[in-house]
Amino acid sequence: MTDDSQSRIGEFPGSDSTESETSETEYDFEVDNQELIEKATLTVLNYRRRIFQPLSDESSDSVQSDEDSDEQARLNGLAGKIISAAGSYAGKYEPPVALSTHILNAVVVGLNAYVYDRIVRQERDTDDEEAALLIAGLALHDANKYVGAEYDTADLDSTENSEAVLDYYFEQGDDFGLLPFLDKNTETGQEVDIADVKWLVQRTETKESNSETQGQSTRRVRGLEKYCRIGDGFVSKEGRDDLASAAEWLEQFFGGDGTHVHHLQFNELEQSLLNNHLLATVKEVVENPNNPAVASPPHGVILGSTPDSILYLGESIDRSILQEAVTDGLMERVTQQHDFNAKTEWNSFEYDILAEVDISFQTKREIIAAGYAATLRNGSGTDHEFESISDGYKEALPELARTTFREQDYEEAFDEYPTLYELWTEVSTGEEYSAYSQKIGFLAEVFRRYRGSVEDGYDSETIRQEVSDFSSAQRDSLREDLAPESEAGDVVSQRFFEVGLQSDMEVPASDEMCFLCGQHAERQYKKGGDAFYKTQSFSRRVAAEGSYKRICSACNLEHALLRDIVESTGYSVGSDIKIAFVYYDEFVGNLTIGAEGNPRRLVRFLTTSDDEDELPDVSDPSLVASSFVPQYHLHPFYASSENDRLRVVRELLETVVNRGFKVVIGKPFAGFRPQDALLSDLNPTRRQTTIGADRIESFAELEQTRRLFDILRSIADSSDYSGGRELTSIQRDGFQPIAALVAQESEWFASVRDRSHEHFTDDGFDETQQYMMMREVAREGLNVYGQQYNSRYKKTKVFRLALDAVLDSLNNGKEGEELEEYVSGQVYKSAIEEDYAGRVTTEEVSEFVNKLLKFLREDDSLDKQALSRRRNTLTNAYLFAYDRLLNELRQEDEASETSAEAESDD
């Protein structure tokens, strides 16, 4: 909506109270333990805030700094620090889940179980100190895994959570920020708090060694270990099996009779945004947070959810009543979090999505009124700009615009309103407005008389009365126009609540099928050029030369929601838009902190830019821990080139995936499905695949791919090679293309060579052996021609000479010993002629040639065509290996000199 209409839904200026369609619906929910459950949900909400709220001394931690890149990675609050510290390390099960995700999910489940058990089952109060210690114990329950991954612990056994490991964690600086958190929430000394946390950590798993801290805890933590085991055990069970198995496992702690643990299962929709809204609406109905879309009594404390299910502790809920409430609440939530727009242009008027969605008629009128108020205020199509549009005239604009722009015999509609008719005649026959601008001109001239700013015989009171009467008389016609053929809320809710096979398995005919999801559809897809998919472009379900494609009401609504997200992010809707689905894992612990104020989801928050004229960065690191609220988050991006697309992937890896999130990249309407990977591009480019940036399946691959991007970016920064192609400068993630590029473009930058050497020698690099073989060739070449520091020509001369000799031999049909003798002879002859080569022996030359020929055979380059084509690349790869050896020799010499000086001083 535009700035011209700031009134909220249901508060249309000048609207009749009889027009209000907002009324609270009563549902037949029955909750026996309502008072206790409500107390439990409020208590949980309070503890969640503690997990996320930044402490007073870290309020500026997330402020970005150009001087310190580490500052950009800092997150606030206990949860934020855990995400920042442990997001780049693997959790305990496969498919890969970040350690931070495992920890936070365990915190949520254990904490919620504690609150529910104490308040609802035991009818006791919770204790704030107990809760703080429980949170800290669960946050540190995998301290050994974190310490082993983060620090060099060669002298420390980190296989278990021994006291030595826990002490080491605190000695290194308490990366999770547990001590400040405990200081704010407990009244005892730090040493006592640490002792109690250790006691809990070592009893989270029964297999942990706990003898070292036996008897060293206070009474306040005795009994809390049960909830530590619930948190860790539940999340591990869900990770190994599924949520249903984890729910069944959880039953043993709550009586085993199904009274307290409830697993709601749904049918995941292909429409990702709607599916996300449906899950959130169910959560609101069950737990009843501060601002629910549906008024209902709380039924329990939500533990978490997957894309097709929700788990909570509490009382059972009637599924049919739940569906009714969710159906009503869905569109309320959608209306609150998305803007729907009509095409209120100065020379045309289309209802667009407003005629197709089942939001309230009053809301639709507000949208139309706001659109035309902005058009008039800006003077579009007229010479008259207005500082503001009065409330009374704004109230009548929807009917005035609808009649003027959309009715064929619109002049006749004014027959009963003589003043309006006379003014229309004057505008249509005058010379001030062209045939294209007469309609918007009429609305502008009516308003000028409406507010009495023109003295030409028209009475403003008469105009105002006729405008009001006309609006009232035409309202039913507008209502009829805006009534959708089918109500998407009902449709998607019914699909969502269906579990298992549908009773009606009939497949629609191709000309009655939604081209996006395959469901029955009656509406023709007429979105024009301003859409994700062209109106008459190819579809698998409709012949290329066939009639209009069809779209169902659910996909039609999803199209509108996607449009809103794309446009609010700063892009234009089009077929080139890609969608990044950002999520934590298939199971997400429920960490909503109640009313969020601004309903922006995670990635919309991530992409906030201080400069309104700039498109936001796809992965600004200002993460907020409350982003666990949705199941997943959609962020659109547009890449005009392959290099731009790889930049987006690089940014996502560095600032999102590296913090424990997962990413799936797809097209609009691709549908969200959790992947057994940290990053998965469903439509990768060829180069993405060849350099391993299309699918990252492990944290080792994440580090390797990030390192590759870092190498390529460093090369661009140390040379003039960027030019919009720094990430497409190699064809594959291999030793030769990278080494050749480094040697050619960043000869004097040791940091780039060091980073590349680290990449080549990593255990996960496929061509480590090839690199080591080239190092052997370079080492023998150094023996033949000596150490050359200042001349690229001298460094590579022996190698280039040998390659030329090999090519000559191959051209002349030489092979085997004859080829080796010829090449060795050419190299030896050149070496003894060069005064800088030093004294060389035939054995040294023979060893160099043997190593070179062995490398060429392994590389499939001992062929005249292949060798001719790869000559320059091989030479640069040799140069890289040679430079690296020189650097290592220099470091050894410096170390020896330092050692000798130290001995001399002694």
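How many residues does the hairpin that joins E2 to E3 pass through? The connection runs through two residues, and the strands themselves (DSSP runs of E with at least two residues, as helices are DSSP runs of H or I with at least four residues, both numbered from the N terminus) are described below in a predicted model.

Residues are numbered from 1 along each chain as its sequence is written, and side-chain values use heavy atoms, with hydrogens and water left out. Because the model is predicted, local features need pLDDT (the predictor's confidence in each residue, from 0 to 100) of at least 70 and side-chain atom pairs count only at pLDDT 80 or more, whereas totals for chains, interfaces and linings use all residues.

The mean pLDDT of the protein is 83, with 85% of its residues reaching 70 or more. Confidence is lowest in helix H2 (residues 69-72), at a mean of 37, and highest in strand E1 (residues 261-265), at 96. Over residues 13-23 the pLDDT stays under 50, and the model has 14 contacts (heavy atoms within 4.5 Å) for this stretch beyond four places in sequence; over residues 208-213, where pLDDT likewise stays under 50, the model has 17 such contacts.

Strand E3 (residues 309-314) pairs in the antiparallel sense with E1 over five bridges and with E2 (residues 300-306), also in the antiparallel sense, over six bridges, pairing being assigned if DSSP finds at least two bridges between two strands. Tyr312 in E3 stands opposite His262 and also opposite Ile302. Six of the six residues of E3 are buried, that is, under 20% relative accessible area, with exposed meaning over 50% and partly exposed in between (1.4 Å probe, protein chains only). Ser309, Leu311 and Leu313 point one way from the strand, while Ile310, Tyr312 and Gly314 point the other way.

The largest nonpolar core (a set of buried Ala, Val, Leu, Ile, Met, Phe, Trp, Tyr and Cys residues joined through side-chain atoms within 4.5 Å) has 156 residues, and those with the most contacts inside this core are Leu140 and Phe176. Helix H4 (residues 99-121) gives the most to this core, with 14 residues. Leaving aside neighbours within four places in sequence, Phe176 is in contact with residues including Leu78, Ile82, Ile103, Leu140 and Tyr169. A second, separate core of 101 residues includes Ala355, Phe447, Val492 and Cys514.

Helix H25 (residues 735-745) is mostly covered, with 10 of its 11 residues buried; among them are Phe735, Gln736, Pro737 and Glu745.
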